[in-house]
Amino acid sequence: MFSILGAGIRSQAGQEYTITMSPSVSVQRGFAVYIPCQFTYNQGDLSRNEKVVAYWIKHSPQHHSCSPSSQPDCLPVATNDQNQIVERSAKDRFYLFGDPRKGNCSLVIRDARIEDEGQYYLRIEGKRYLKFSFLQGNGNTSPYVHVIEPPQKVNITVDITDSRQLGLPERKEGVNHVTVKEGNTVTLICTADGRPPPNLSWMKENQKVGEPTGYLQLREIGPEDAGKYQCLANSQHGSLKTMVEVIVQYHPKMPVFNISQTHRRGSILTQGCSKELASDSELTAQEGDSLEVFCKADSNPPAATSWVKGDSPLQKPLDNQLRLTNLTVADEGVYVCKATNMFGGIQRTFWLSVTYAPKLSRSPQKNTTCSYHDNGFLCVCTLHAKPPPRIEWEVDGERITEERRRRENLTVQALVQKNEVTSTLKWTGSLDRAHNIICMGSNSYGIQNIPFLLDAQRHPTSESSIERSLFVAGICGIFLGAGILMLCLFLIRVFKKKKALLEASHVEGTPSRREPQEESKNSTHIYGNIFPMAPRLSWVNKSKPAQERKPKVPQGSTVPAPRRSEPPELQYAAIDFKPKSKGVPALSNDDVEYSSIQRK
């Protein structure tokens, strides 16, 4: 088991006493060790058939050398003498192996104990002359037994000192974790058993920290000092370690925003990569996108978060996430994340900017239109976008360039106000034909085209002018319809009045049937058969005596000839001459003439 490290030789009176064994032996506590030993002695000191008694004795400062056979207080730890009393602590644990008469002196130690450590020497005795002790020195060897113990019972004690309070530190022993507040001073004390005493050192997360001693002090501890600390006890006979976790509580630190963005292009959704956004930064998203913003604050215990936009608190989100879907310009603004726990709070912000493609101006004062102006036309196009749009013009399928401006007397001017751009196109020339004009606004997020149709007369059309023209036409139609209705009512009323007058005049000129005799007696009535619209017959105009002539009818109008297709219709007319009218002689009843008048 053990090699022989040296040998001791001693000569007495010309005779040799030698011992061969290891001068130093180590045994682990609780284990057994075998120590080989051989010795020689002077055969002349031993009579025939005499027994050699051997003793293993532990060296004591009180006895440099003693003889168990003659000194009662000199107790060996092992012997081959069955009647000899041995040390109580060595009984049944120390044994002498071999026959001393043959020079065997091997020693066995079982269940080694700490108190077994020390110097041992061999003593041999006979009945008469043989008495010799192999003491250390003078060339002899006496083994030294080392009882070793690997590191064990490694313990960490924690002392916590509050820098804001005076007094003794708070001590915690036998714990595997400890919770402290930010700013405290923490001292870790490590102890370990072992023979020889082990070397102590500290490690944190597999990295060496501090000095290789049993003490580690953490002054004004912070979040970066939190972690698992290990005390390592190491010796040539083994190593052992133990661990304690230091938990540091502190107020929230620097929130960080984690952004997950979903892009919408028409009906297609595309999930973007998650990224981290620093505090007080600007986040740009396109109109229609969706955002998930996770506010993460470093704190212990974990902080509760809330969101505010501008001065308005938002509904408390689940799992600290702010969700914004289908973004619009109204979602732009400053978003504030507030994180608080029992030790304090902190807030951080980010600015959300929503970009979008060009659109018509939202201002009612800014129209987008084309109209005739000073022997030409004037077009105004107002678009807003973010970033501001670039506006170009196209006339009759040809884009307006610098060269064309100079060639055709075209003037293009632009006015930029934040995200709104107003472009003016002025052209002077012939208006004898229609013109197709397009206002084209574009940025990196889209294109907006506004078409105009300017005819050869005077009516430009566009999306806005068409609506205005329809409105004006509708108003004019209402007024025209009302005028026609009033004219119809007026004509109906006039017609009714004329009809009433004609009926009244007919009633006055027609004789009543109830007075036929009276009418016949009246000399002023002349009856005749009259065919309307027919000329007089020739015999009506033949000459008669002056007293029998009737006054001539004025020749101002000529009655047209009757239609041949219509049958003659007999009509009667009555002419009433008053007796006192300007001396016209009254006619007798015999002078009544009749004539036929036929209507054409």
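## Exercises on a predicted model

I124 touches Y17, F39, Y41, V52, V53, A54, L130, K131, F132 and F134, leaving aside residues up to four places away in sequence. The model is predicted. The exercises below start from this residue.

**Exercise 1. Place I124 in its core.** Find which residues have the most contacts inside the largest nonpolar core.

*Solution.*
- Step 1: Take the largest nonpolar core, which has 31 residues.
- Step 2: Rank by contacts inside this core; W56, L122 and I124 have the most.
- Step 3: Look for a further core. Another one, of 21 residues, lies apart from the largest. Its members include I160, C190, L200 and Y229.
- Background: in soluble globular proteins, nonpolar side chains tend to be buried together.

**Exercise 2. Classify an aromatic pair.** Decide whether the rings of F39 and Y41 are stacked, edge-to-face or tilted.

*Solution.*
- Step 1: Two quantities are needed. A pair of aromatic rings is described by the distance of the centres and the angle of the planes.
- Step 2: Search the whole structure. The search finds 10 aromatic pairs.
- Step 3: Check the distance for F39 and Y41. Their ring centres are 6.0 Å apart, and the cut-off is within 6.5 Å.
- Step 4: Check the angle. The planes stand at 35 degrees. Stacked needs under 30 degrees and edge-to-face over 60, so the pair is tilted.
- Step 5: Widen the view. Ring pairs join Y17, F39, Y41, F132 and F134 into a cluster. I124 touches each of these residues.

**Exercise 3. Test for burial.** Are F39 and Y41 buried or exposed?

*Solution.*
- Step 1: Set the cut-off. Buried means under 20% relative accessible area.
- Step 2: F39 has 5% relative accessibility, so F39 counts as buried.
- Step 3: Y41 has a relative accessible area of 8%, so Y41 is buried too.
- Step 4: Set this against the protein. Buried residues make up 34% of its 600 residues.

**Exercise 4. Map an open sheet.** Work out which strands stand at the edges of the sheet that contains β4, β9 and β8.

*Solution.*
- Step 1: Write the order. The 3 strands run β4-β9-β8, with antiparallel pairing.
- Step 2: Count partners. β4 (33–35) and β8 (94–97) each have a single partner strand, so one side of each lacks a neighbour in the sheet. These two are the edges.
- Step 3: Add the twist, which averages 20 degrees from one strand to the next.
- Step 4: Inspect one pairing. β4 and β9 (residues 106–109) are joined by 3 bridges. Within β9, L107 is the bridge partner of I35.

**Exercise 5. Take stock of the fold.** State how many helices and strands the protein has.

*Solution.*
- Step 1: The protein has 3 helices and 40 strands.
- Step 2: Of contacts with a separation of 6 or more, 66% join residues 24 or more positions apart.

Terms used: Residues are numbered from 1 along each chain as its sequence is written. This is a predicted model: local features need pLDDT of at least 70, side-chain atom pairs count only at pLDDT 80 or more; totals for chains, interfaces and linings use all residues. Side-chain values use heavy atoms; hydrogens and water are left out. Buried means under 20% relative accessible area, exposed over 50%, partly exposed in between (1.4 Å probe, protein chains only). Two strands pair if DSSP finds at least two bridges between them. Helices (H or I, at least four residues) and strands (E, at least two) are DSSP runs, numbered from the N terminus. Axes are lines fitted to C-alpha atoms, for helices over the stretch in contact, and angles run from 0 to 180 degrees between N-to-C directions. A nonpolar core is a set of buried Ala, Val, Leu, Ile, Met, Phe, Trp, Tyr and Cys residues joined through side-chain atoms within 4.5 Å. Contact means heavy atoms within 4.5 Å.
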